[in-house]
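Please open the structure in your viewer and keep the selection panel at hand. The tour proceeds by successive selections.

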Amino acid sequence: MEAYWNTKGRIFDIQRYSIHDGNGIRTIVFLKGCVLRCRWCCNPESQEYDIQTMMVQGKPKVIGRDVTVAEVMKTVEKDRQYYWRTGGGLTLSGGESLCQPEFATALLQAAQESGISTAMESMGCAKWETIEKLLPYLDQYLLDIKHMNPRKHKEFTGRSNELMIENAMKIAKSGMTELSIRVPVIPGFNDTEEEIRQIAAYTATLPNVRRMHLLPYHRLGQDKYTGLNREYLMGDVKPPTNEHMQKLLKVAEMTSGIECQIGG
């Protein structure tokens with residue numbers, strides 16, 4: 001076994017049999033740590049790199065554990081037959097996988113060299129050198145673009161968007177991975193036709209983009225904030241209606257000129 005299989009990282013969950021976050025049936029490994037603090041985050045337990053305790057259904061639960069690449073791959077390998085049949089594989093999620101670059105790269109390399117397809121869900125919020133190192137081991141990059149306005153992006157996520165927008169172009173131009181752009185549609189933040197049009201227009205300038213996903217806001221992570229003794233900043237914001245999402249989908253399709261879908 002290669003030495004990099006002993007690379008250590010910190011995860012908080014492994015989810016098997018997922019049909020989202022990449023092609024086919026997938027195993028999603030959730031890494032601890034994130035550089036953003038999006039108000040709507042549905043995995044607030046992912047934001048801190050530190051191991052935490054969260055109340056879940058009235059009982060304390062430890063969130064976060066240190067593992068090696070080899071330990072994670074034991075779980076990933078269990079569903080090889082499903083990946084083979086459906087074109088699925090391993091997806092890294094978080095948090096932001098790029099916050100643990102050595103571990104993320106080693107995991108992707110281990111999967112790919114084991115004949116398992118790889119994907120990563122990420123905001124691209126890291127130095128280009130960090131992203132460049134893992135691209136050879138990445139089959140699909142599911143890249144978030146949340147807003148084109150740097151000021152509004154910072155107001156709602158805690159950080160401006162210039163680095164992420166710049167990296168999106170570099171990833172696209174590299175041609176090294178299948179790129180999909182994902183937009184979380186958040187009422188009050190980016191759910192107007194004009195805001196979606198701006199993101200779609202930028203997507204149209206990126207070469208090699210496979211598709212654009214519009215991901216409707218949901219409140220499924222709200223209880224986790226209570227469990228972490230944190231305030232849920234989205235208050236009473238309601239998810240967008242299906243009718244509204246269909247309007248935004250049409251705008252995205254017309255402006256980007258590529259395949260667009262809701263969810264995925």
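What follows is a tour of a predicted model, from its sheet to its pocket and its cavity.

**The sheet**

Begin by selecting the strands of the open sheet, of which there are 9, in the order E5-E1-E2-E6-E7-E8-E9-E10-E11. Their pairing is mixed. At the edges are strand E5 (65-68) and strand E11 (259-262), each of which pairs on one side only. From one strand to the next, the twist averages 30°.

Next, add helix H3 (residues 101-113), which packs on the sheet. This helix touches strand E1 (8-18), E2, E5, strand E6 (89-93) and strand E7 (117-122). The direction of H3 makes about 170° with that of E6.

Then isolate strand E8 (residues 140-144) and strand E9 (residues 178-185), which pair in the parallel sense over 5 bridges. To inspect one bridge, select Leu142, whose partner in E9 is Ser180.

**The largest pocket**

Now display the largest pocket, which holds about 1,200 Å³ of space. Its lining comprises 46 residues, and those closest to the pocket centre are Phe30, Cys42, Asn43, Glu121 and His218. Colouring by element shows that E1, E2, E3, strand E4 (59-63), E7, E9 and strand E10 (209-216) each give two or more residues to this lining. E1 supplies the largest share, with 5 residues. Colouring by class divides the lining into 21 nonpolar, 15 polar and 10 charged residues.

**Cys42**

Centre the view on Cys42, in the loop between strand E2 (26-31) and strand E3 (52-56). Is Cys42 buried or exposed? Neither term applies: Cys42 is partly exposed, because its relative accessible area of 31% falls between the 20% limit for buried and the 50% limit for exposed. Leaving aside residues up to four places away in sequence, Cys42 touches His218, Gly221 and Lys224.

From Cys42, draw a C-alpha to C-alpha distance to His153: the two residues are 17 Å apart in space and 111 residues apart in sequence.

**The largest cavity**

His153 leads to the last stop, as one of the residues that line the largest cavity. How many cavities of 30 Å³ or more does a search of the whole structure find? The search finds 1, and the largest cavity contains about 60 Å³ of space.

Select the lining as a group: Met123, Asp144, Ile145, Lys146, His147, His153, Asn161, Met164, Ile165 and Ala168. Helix H6 (residues 162-174) contributes the largest share, 3 residues. By class, the lining of this cavity has 5 nonpolar, 3 polar and 2 charged residues.

Conventions: Residues are numbered from 1 along each chain as its sequence is written. This is a predicted model: local features need pLDDT of at least 70, side-chain atom pairs count only at pLDDT 80 or more; totals for chains, interfaces and linings use all residues. Side-chain values use heavy atoms; hydrogens and water are left out. Helices (H or I, at least four residues) and strands (E, at least two) are DSSP runs, numbered from the N terminus. Buried means under 20% relative accessible area, exposed over 50%, partly exposed in between (1.4 Å probe, protein chains only). Contact means heavy atoms within 4.5 Å. Two strands pair if DSSP finds at least two bridges between them. Axes are lines fitted to C-alpha atoms, for helices over the stretch in contact, and angles run from 0 to 180 degrees between N-to-C directions. On a 1 Å grid over the protein atoms alone, a cavity is a set of points where a 1.4 Å probe fits but cannot get out, and a pocket is an open set with protein on both sides within 12 Å along at least five of seven lines; lining residues have an atom within 4 Å of a point. Grid points are joined across faces, edges and corners, and a volume is the space filled by probe spheres set on the points. Ala, Val, Leu, Ile, Met, Phe, Trp, Tyr, Cys and Pro count as nonpolar, Asp, Glu, Lys and Arg as charged, and the others, Gly among them, as polar.
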